[in-house]
Amino acid sequence: MKSARSSPRQSGGFTLIEVVVALAICGWVLASAFWLVDRYAHQRTELRDRFYANQIGWNQLMALYQSGQGWAEQDQLETTGSAMAAGHRWHWQLQSKPTIGAELIRYQLSVAPHAEHEPVARPVLYMSATP
């Protein structure tokens with residue numbers, strides 16, 4: 001005759017070790033998923049900021065180009081300034097250097113989200129030194 005009590009091995013349940021290992025694996029997978037989502041959000045924000053910074057930079061360089069072509073007043077040329085885009089104020093600074101041949105001038109515009117931050121974009125324009 002069989003006894004009414006079955007042995008622990010025949011109960012069909014999980015051991016404590018198996019449960020702990022399963023929880024550790026689930027925790028690792030969830031932590032990895034949260035890390036990936038955080039990286040995606042950070043890169044998306046960084047890409048958006050670079051896009052707006054480039055837009056502001058090219059707008060300022062095109063104003064410089066238009067002044068060089070006589071399409072705009074040259075006395076309106078500024079070397080520093082700020083512009084609003086996407087609800088943020090962006091600060092830019094224009095630097096010019098003659099090139100080796102001295103026939104062209106290299107204009108580089110640095111655009112940063114704050115005046116004291118590292119620039120996010122640095123578009124460059126080369127223009128003739130003589131109009």
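R48 is partly exposed, with a relative accessible area of 37% (partly exposed lies between buried, under 20%, and exposed, over 50%, with a 1.4 Å probe and protein chains only). R48 also forms a salt bridge with D49, their closest N and O atoms being 3.2 Å apart. The model is predicted, and local features need pLDDT of at least 70, side-chain atom pairs count only at pLDDT 80 or more, and totals for chains, interfaces and linings use all residues. Residues are numbered from 1 along each chain as its sequence is written, and side-chain values use heavy atoms, with hydrogens and water left out.

**Salt bridges**

- The count comes to 3 salt bridges, a salt bridge being a side-chain nitrogen of Lys or Arg within 4 Å of a carboxyl oxygen of Asp or Glu.
- One of them joins E46 to R50, with the closest N and O atoms 3.2 Å apart, and both residues lie in helix α1, 4 residues apart, about one turn of the helix.
- E46 is partly exposed at a relative accessible area of 37%, and R50 also counts as partly exposed, at 35%.
- E118 pairs with R122 in another salt bridge, the closest N and O atoms being 3.0 Å apart; E118 counts as exposed at 57% relative accessibility, whereas R122 is partly exposed at 43%.

**Nonpolar core**

- The largest nonpolar core (a set of buried Ala, Val, Leu, Ile, Met, Phe, Trp, Tyr and Cys residues joined through side-chain atoms within 4.5 Å) has 15 residues, of which I56, L61, L64, L94 and V111 touch the most other members.
- Two or more residues of this core come from each of α1, β1, β2, β3 (104-112) and β4 (124-128), where helices (H or I, at least four residues) and strands (E, at least two) are DSSP runs numbered from the N terminus.
- The largest share of this core, 4 residues, comes from α1.

**Nonpolar surface patch**

- I17, V21, I25, W28 and V29 form a nonpolar patch on the surface, with about 550 Å² of accessible area together, and I25 is found in helix α1 (residues 16-68).
- Patches are made of residues with over 30% relative accessible area and no salt bridge, like charges being joined within 9 Å and nonpolar side chains (Val, Leu, Ile, Met, Phe, Trp, Tyr) within 5 Å.
- Accessible areas come from the Shrake-Rupley method with a 1.4 Å probe, and for residues only the protein chains shown count as cover.

**Backbone at A86**

- A86, in the loop between β1 (80-85) and β2 (88-98), has a phi near 55°, a positive value in a residue other than glycine.
- Most residues other than glycine have a negative phi.
- A86 is partly exposed, with a relative accessible area of 43%.
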